[in-house]
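The following paragraphs offer a guided reading of a single protein chain. They begin with one aromatic residue and then turn to the chain as a whole and to two of its helices.

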Amino acid sequence: MHSQLSSPQQPAAGKTVAAFFDLDKTIIATSSAFAFGKEFLHNGLISPATALQMSLTKASFMRSGHSDEQLNNTRDQLTSMVAGWNVDRVRTIAKDTLHSVLTPAIYAEARELIDAHRNAGHEVIIISASATVLVELIAEELGIDTVIATELEEEDGHFTGEVLFFCKGDAKAEALEELSKEHNIDLDASYSYSDSITDLPMLARVGNPVAVNPDRHLKKHALEESWEIRTFKDPEPLFVMPGAKEIGIGASVVAALAVAAGIWIAQHPNSNSA
């Protein structure tokens, strides 16, 4: 049963238990950072070429995950893209299209597990490298009050393109520890869930680390440490190349880039895949 909690234990006197969930490929079967590409295109925020680039980057992420370096590159790509965007407009677009873009991608197993933690009296927290403006919408959909995510700088209601806090790796674990002090959480009795080796510091910080749909490196580490491994399949992660009509460029260009993406995948069989 996916909703059954592993190794339940009582927290230290006066403390609480928390469950820390990564977002992409852990709660949702997609990348939240790239999920709204078509919606941003249709609202005039990005060009067809940028929309296609986002789709290809998403395809790579869904197949292989992201290394530490790739996460940094993705951060730079996205922050450069959103520089100058109106924050309220981005939030409105994402909120208006959430139920067609991200809600269907929420793993049923993740919903069950979140409910199980709630029923056990645990505090549920999403901790993600994606931007707060997007993560908060998913959290609201799931009834989760607490979010730790990447903070983008805002000035006069617009994104500046600068990052105030990048929630990944060691910084993610440090944020987890800081929140735990504020909320009086017993980390030794708590849980963390992630798919990526880049979240190893966060996973190692709690008493009950769980690898969900782990990439190759995290799976190896989890097996070595006898950590629990869970597989979420509903919905099945799926990537479909966008059609030429969807993004407004020639079909031959889409086809050529799709072939190029296929060649790249064939030439990188040992990438960071599960």
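**A buried aromatic cluster and two one-sided helices**

Y191 has a relative accessible area of 1% and is therefore buried, the limit for that class being under 20%. The model that contains this residue is a predicted one. Y191 belongs to an aromatic cluster whose members are F21, Y191 and Y193. F21 counts as buried because its relative accessibility is 1%. Y193 is assigned to the buried class because its relative accessibility is likewise 1%.

How is such an arrangement of rings described? A pair of aromatic rings is characterised by the distance between the centres and the angle between the planes. The chain contains 5 aromatic pairs. In one of them, F21 and Y193 are stacked, with 4.5 Å from centre to centre and 15° between the planes. This pair joins distant parts of the chain, since F21 lies in strand β1 and Y193 in strand β5, 172 residues apart. Y191 and Y193 are also paired: the ring centres are 6.5 Å apart and the planes meet at 5°, so this pair too is stacked.

The setting for this cluster is a chain of 274 residues, of which 49% are buried. Its secondary structure comprises 11 helices and 7 strands. Of the contacts between residues at least 6 apart in sequence, 68% connect residues at least 24 apart. The exposed area of the chain is about 12700 Å², and 50% of that area comes from carbon and sulfur atoms.

Helix α5 covers residues 108-119. Its 12 residues should span 16 Å at 1.5 Å a residue, and the end C-alpha atoms are 17 Å apart, which agrees. Which residues of α5 are buried? They are E109, A110, L113, I114, A116 and H117. Viewed down the axis of α5, these buried residues fall within an arc of 160°, so they line one face of the helix. The elements covering them include strands β1 (18-21), β2 (123-131), β5 (191-194) and β7 (228-230), together with helix α6 (132-142). β1 and β5, among the elements that cover α5, are also the strands that hold F21 and Y193. Just after α5, G121 adopts a positive phi of about 85°.

Helix α7 consists of 15 residues, 169-183, and its first and last C-alpha atoms are 21 Å apart, close to the 21 Å expected at 1.5 Å a residue. Its buried residues are G169, K172, A173, A175, L176, L179 and S180. Around the axis they cover an arc of only 160°, which places them on the same side of α7. What does the face turned away from the buried side of α7 carry? That face bears the exposed residues D170, E174, K181 and E182. The cover over the buried residues of α7 includes β1, β2, β3 (146-155), β4 (158-165) and α8 (200-204). β1 and β2 thus appear in the cover of α7 and also in that of α5. After α7 comes N184, with a positive phi near 60°.

Methods. Residues numbered from 1 in each chain as written. Predicted model: local features only at pLDDT ≥ 70, side-chain atom pairs only at ≥ 80, totals over all residues. Heavy atoms only, no water. Helix = DSSP H or I, 4+ residues; strand = E, 2+ residues; numbered from the N terminus. Buried < 20%, exposed > 50% of the residue type's maximum accessible area, 1.4 Å probe, protein only. Contact = heavy atoms within 4.5 Å. Areas by Shrake-Rupley, 256 points an atom, 1.4 Å probe, with all protein chains shown as cover. Expected span 1.5 Å × (residues − 1). Arc of directions from axis to C-beta. Phe/Tyr/Trp six-rings, centres within 6.5 Å; stacked < 30°, edge-to-face > 60°.
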